[in-house]
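User: I'd like a close look at a single part of this model: the pairing of its strands, together with whatever packs around them. Please give me the cut-offs as you go, as I may want to recompute things.

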Amino acid sequence: MKLFLIRLLILLLLMGTGSFLPSAFSKTLQKPVVFIDTDIGSDVDDALALLTLLGSQKVEVIGISTVNSNTQKRAAVALRLLELAGHPDVPVAAGIGSTLLRQKQPRNWEKQLSQHLDHPPVRKPSAMHGVDLMIQTVHQHPGLTVIALGPLTNIAVAIIKDPTITPKIGKLIIVGGAIALPAYQQHGTITVGYKSEYNLNSDLDAARLVFDAGIPIVMSGLSPALQVTVGTEDVKSWQQLNTPVAVWVSNRVTERLTSHHATETHLGDVVGAMASYDSQSVRTKKLPLHLEVWGDTLRTVIDSTGTGTPVEVVLDVNQDQFYDNFHQAMATVLHGKKTQSRE
Ligand SMILES: [Ca+2]
């Protein structure tokens, strides 16, 4: 009887308003939230990263900003994919297309962007600038994770415009950089030791500012990106689902494989995205990093004096766990409404 009364009391407390619950406990009932900054529409892994997050059901994507050349079109691509995947309410805002200080000729992604934007989205991008959407979202959700899937221009400008956001970002996952460790200096024929990497090198002034901002950083660079792939077998299985979103992503991966005369393509952005909800999918080590600029090239170097910026560096992907998560998330998100049969 006594036990019953205790259980009844606990139940009544739980049925009451959230104010009965300690705030830390009530927070555990909610999914962690992530904000994505992306150059979606270039390589296909940004789209795959977004789909993985949506399909994981372990995080809530609460906003997206786009970066690096033609950000309006990139925002339209993000909106199109969200609509296909059944998540039409996530706010998307176009961010900065140029670099922070020194000019760099951006790579021409127009062909890939046009392929990604196979049909205009129903929604328009947010009237807010991408940087302002990021700032607003950080203030509304202190402790959130920001995932950077492209060059760091938007994040650098957000920090300059409103430095009060920095202590409110719980974690910043940066897909970019390349470090040299003896065991990781060779991956096939590609030398990754001290190599510059596209995202950070595309706006190296922004990268230096962001790494110096004091935000807890997880860096998922070139080495883990080269360890996991998607390929023709995945495309075949997705095509069989025959949902609009499965057809869309199958077409994008096929275009990527065809243009590179390849049977598989790397999943760098997916590694970073997955690290936001499953720390077991990667092996990390905290290392002091120094960002060196040689001419117009940036390199992420381990600081042997130990005085560099402490960064949680992703060294390896736990491949079994990664592929289990990836296939599960994709199976979930790609089971949407079926396309009309074309007769
Ligand atoms: Ca990207």
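Analyst: Happy to. Two strands are said to pair if DSSP finds at least two bridges between them, where strands (E, at least two residues) and helices (H or I, at least four residues) are DSSP runs numbered from the N terminus. The model is a predicted one, in which local features need pLDDT of at least 70 and side-chain atom pairs count only at pLDDT 80 or more, while totals for chains, interfaces and linings use all residues. Residues are numbered from 1 along each chain as its sequence is written.

With that in hand, let's start from a single bridge. Ile174 has Met219 in β8 as its bridge partner. Strands β5 (residues 169–175) and β8 (residues 217–220) run parallel and are joined by four bridges. Both belong to an open sheet of nine strands with mixed pairing, in the order β3-β2-β1-β4-β5-β8-β13-β11-β12. The edge strands, each paired on one side only, are β3 (92–94) and β12 (297–302). From one strand to the next, the twist averages 30 degrees; angles here run from 0 to 180 degrees between N-to-C directions, and axes are lines fitted to C-alpha atoms, for helices over the stretch in contact.

Elsewhere in this sheet, β1 and β2 run parallel, with six bridges between them. One of the residues involved is Thr38, whose bridge partner in β2 is Thr66. Strand β1 is mostly covered, five of its six residues being buried. A buried residue has 20 or more other C-beta atoms within 10 Å of its own, an exposed one has 12 or fewer, and partly exposed is in between, with C-beta atoms placed from the backbone.

Now for the helices that lie across these strands. Helix α4 (residues 71–84) lies across β1 (33–38), β2 (60–66) and β3, and runs at about 165 degrees to β3. Just ahead of this helix, the loop between β2 and α4 holds Asn70, which has a positive phi of about 45 degrees although it is not a glycine. Asn70 counts as buried because it has 20 C-beta neighbours inside 10 Å. Compare Asn242, in the loop between α11 (232–241) and α12 (244–259): this non-glycine residue has a positive phi of about 55 degrees, but counts as partly exposed because it has 13 C-beta neighbours inside 10 Å.

Helix α13 (residues 268–275) has eight of its eight residues buried. It lies across β4 (144–148), β5, β8, β11 (282–294) and β13 (309–317), running at about 165 degrees to β5. Among its buried residues are Asp269, Val270 and Val271. Leu48, in helix α3 (residues 45–56), is in contact with Val230, Leu267, Asp269 and Val270, leaving aside its neighbours within four places in sequence; contact is taken as C-beta atoms, placed from the backbone, within 7 Å. Leu48 and Leu267 are 219 residues apart along the chain, yet their C-alpha atoms are separated by 7.9 Å. Leu48 is itself buried, because 24 other C-beta atoms lie within 10 Å.

What does the packing look like overall? The largest nonpolar core, a set of buried Ala, Val, Leu, Ile, Met, Phe, Trp, Tyr and Cys residues joined through C-beta atoms within 7 Å, has 96 residues, and those with the most contacts inside it are Ala148, Val210 and Val271. Helix α4 gives the most to this core, with eight residues. Val210, for its part, touches Leu152, Ile155, Ala156 and Ile159, not counting residues up to four places away in sequence. In soluble globular proteins, nonpolar side chains tend to be buried together.

Zooming out to the whole protein, there are 14 helices and 13 strands. Of its 343 residues, 44% count as buried. Among contacts between residues at least 6 apart in sequence, 82% join residues at least 24 apart.

Conventions
Contact = placed C-beta atoms within 7 Å.
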